[in-house]
Amino acid sequence: MEAEGSSGLLLSRKRKREGSNGEAEDSERLGKIPRFTVGLKHPAPFADELEPADKKPYVRVTMEEAKRGTPPERPVRVYADGIFDVFHSGHARALMQAKCLFPNTHLIVGICSDDLTHKFKGFTVMNEDERYDAVTHCRYVDEVVRNAPWTLTPEFLAKHRIDFVAHDDIPYSSAGSDDVYKHIKEAGMFAPTQRTEGISTSDIITRIVRDYDVYVRRNLQRGYTAKELNVSFINEKKYHLQERVDKVKRKVRDVEEKSKEFVQKVEEKSIDLIQKWEEKSREFIGNFLQMFGPEGALKHMLKEGKGRMLQAISPRHSPSSSPTREERSPSPTFRLPFFSKTSPPPSPSPQHSGARGISSVKMTMRMMMTMKTREYDVRRGKFSLLSEWFIKHLLTFSYFPV
């Protein structure tokens, strides 16, 4: 049942994708999947710790029977072997494919010992116990075989009642053979899986060797000693110096980034200020021209003031119904101190006539403002007789014709 769920889940995550030639090809879709809780609470057991298998004779199932599905009490027993050093996602994906080969699968994983691995493949990063323990905690594994053989024999296949062997289809040359799975393929027991590109134990070790200095400095920072890392005293000091230099570089880089951000913010604010200044300057210039321009409000105010001044200095004639100047009798009580009936005023000299005229106009304006001589009757639209007489006689004295 678990195998069916895993297989169904895997198939539900498949989608069609068109390739460069227009053909549809399968690829995994990273879509949403339903939530479910897997009831795995314990690691996979070791084969030598399990009870003996069923005493019935060992009879393999065919590929058609396995794909069609077997009874729950008779799962298809699939075997996958390997070194599994530095256990990574590539290993887990290979075991997942082996687990999902058939609807009802019991996955057995064989792991070779250190002696056998060092003899045929090379030195490992993790020892055999660490590799055994890592694989037992993989969720797809049902059983682990320790100290697995390098080449599978019929006796080993019969002992563990293996129906099929899962591995990638690439020929694996080792131990003097072009392909250690050749006899398995010929027996029809081989079930191919796909390798995960871009991840392998050799790739991980290559990354560490390529960036050796980086990882040494990393572990020195984490508290490992130079002796534990097999680093000489001189190299240790060199790594510490490099770390200080890198810290300074990082600080300089941070300052540069912050300064760039500050300059960018200043530029944005300056652009905003310039735009606002342009808008305000246009408004100010428009208001200035409206006030002081050729047709501005100030010119109209001056014209209006000039017209009112001329009306005050030269008022319009009185209506015909009013008595003329000859008919009127001058008031005997109003006389200027400098007027005399017997002696006319002396004629001014030509040099002082212009200045005297200007001063008379100024004096007239002051007297008009202070004495309120312009007494205008709004209802009748005329000046009072006294103000009119006073202004005319004053202009006559200043030699301004009326």
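## Arginine 250 and its charged network

Arginine 250 has a relative accessibility of 37% and counts as partly exposed. In this predicted model, the side chain of arginine 250 is engaged in a salt bridge with glutamate 243, with 3.4 Å between the closest N and O atoms. Glutamate 243 counts as buried, at 13% relative accessibility. The contact therefore brings together a buried glutamate and a partly exposed arginine.

This pair belongs to a wider arrangement: Arg217, Glu243, Asp246 and Arg250 form one network through salt bridges that share partners. Side chains of opposite charge can pair when their charged atoms come close. Across the model, the count of salt bridges comes to 14.

## Strand S6 and its neighbours

Strand S6 comprises residues 164-168, and 5 of its 5 residues are buried, so the strand is largely enclosed by the rest of the structure. Its side chains are divided between two directions: Phe164, Ala166 and Asp168 point one way, whereas Val165 and His167 point the other way. Burial applies to both groups.

Two other strands pair with S6. Strand S3, residues 76-82, runs parallel to S6 and is joined to it by 2 bridges. Within this pairing, tyrosine 79 stands opposite valine 165 of S6. Strand S7, residues 190-193, also runs parallel to S6, and here 4 bridges make the connection. Threonine 193 in S7 is the bridge partner of aspartate 168.

## Salt bridges between separate parts of the chain

Aspartate 168 also takes part in a salt bridge with arginine 195, in which the closest N and O atoms are 3.6 Å apart. Aspartate 168 lies in strand S6, and arginine 195 lies in the loop between S7 and helix H8 (201-210), so the pair ties together parts that are 27 residues apart in sequence. Aspartate 168 has a relative accessible area of 10% and is buried, because the limit for that class is under 20%. Arginine 195, with a relative accessible area of 49%, is partly exposed.

A further salt bridge joins the side chains of glutamate 143 and arginine 77, at 3.7 Å from N to O. This pair links distant parts of the chain: glutamate 143 is in strand S5 (residues 143-146) and arginine 77 is in strand S3, 66 residues apart. Glutamate 143 counts as buried at 5% relative accessibility, and arginine 77 is buried as well, with a relative accessible area of 19%. The value for arginine 77 falls in the buried class because that class covers residues under 20%.

## Backbone features after strand S3

The loop between S3 and helix H3 (89-99) contains phenylalanine 84, and valine 86 is placed in this loop too. Most residues other than glycine have a negative phi. Phenylalanine 84, although not a glycine, has a positive phi of about 60 degrees. Valine 86 likewise has a positive phi, near 50 degrees, and is a residue other than glycine.

The two residues fall into separate accessibility classes. Phenylalanine 84 counts as buried at 7% relative accessibility, whereas valine 86 is partly exposed, with a relative accessible area of 21%.

## Phenylalanine 102

Phenylalanine 102 is placed in the loop between H3 and strand S4 (105-111). It is buried, with a relative accessible area of 3%. Phenylalanine 102 and arginine 68 are 34 residues apart in sequence, while their C-alpha atoms are 8.1 Å apart in space.

## Charged surface patches

A positive surface patch is made up of Lys237, Arg244, Lys247 and Lys251. One of these residues, arginine 244, is placed in helix H10. Arginine 244 has a relative accessible area of 54% and is exposed, because that class applies over 50%.

A negative surface patch is formed by Asp254, Glu256, Glu257 and Glu261. Among them, glutamate 257 is located in helix H10, which spans residues 233-292. Glutamate 257 is partly exposed, with a relative accessible area of 44%. Helix H10 thus holds both arginine 244 of the positive patch and glutamate 257 of the negative patch.

Notes:
Residues numbered from 1 in each chain as written. Predicted model: local features only at pLDDT ≥ 70, side-chain atom pairs only at ≥ 80, totals over all residues. Heavy atoms only, no water. Patch = residues over 30% accessible without salt bridge, like charges linked within 9 Å, V, L, I, M, F, W, Y side chains within 5 Å. Areas by Shrake-Rupley, 256 points an atom, 1.4 Å probe, with all protein chains shown as cover. Salt bridge = Lys/Arg side-chain N within 4 Å of Asp/Glu carboxyl O. Lys, Arg positive; Asp, Glu negative; His and termini not counted. Charge placed at Lys NZ, Arg CZ, Asp CG, Glu CD. Buried < 20%, exposed > 50% of the residue type's maximum accessible area, 1.4 Å probe, protein only. Pairing = 2+ DSSP bridges.
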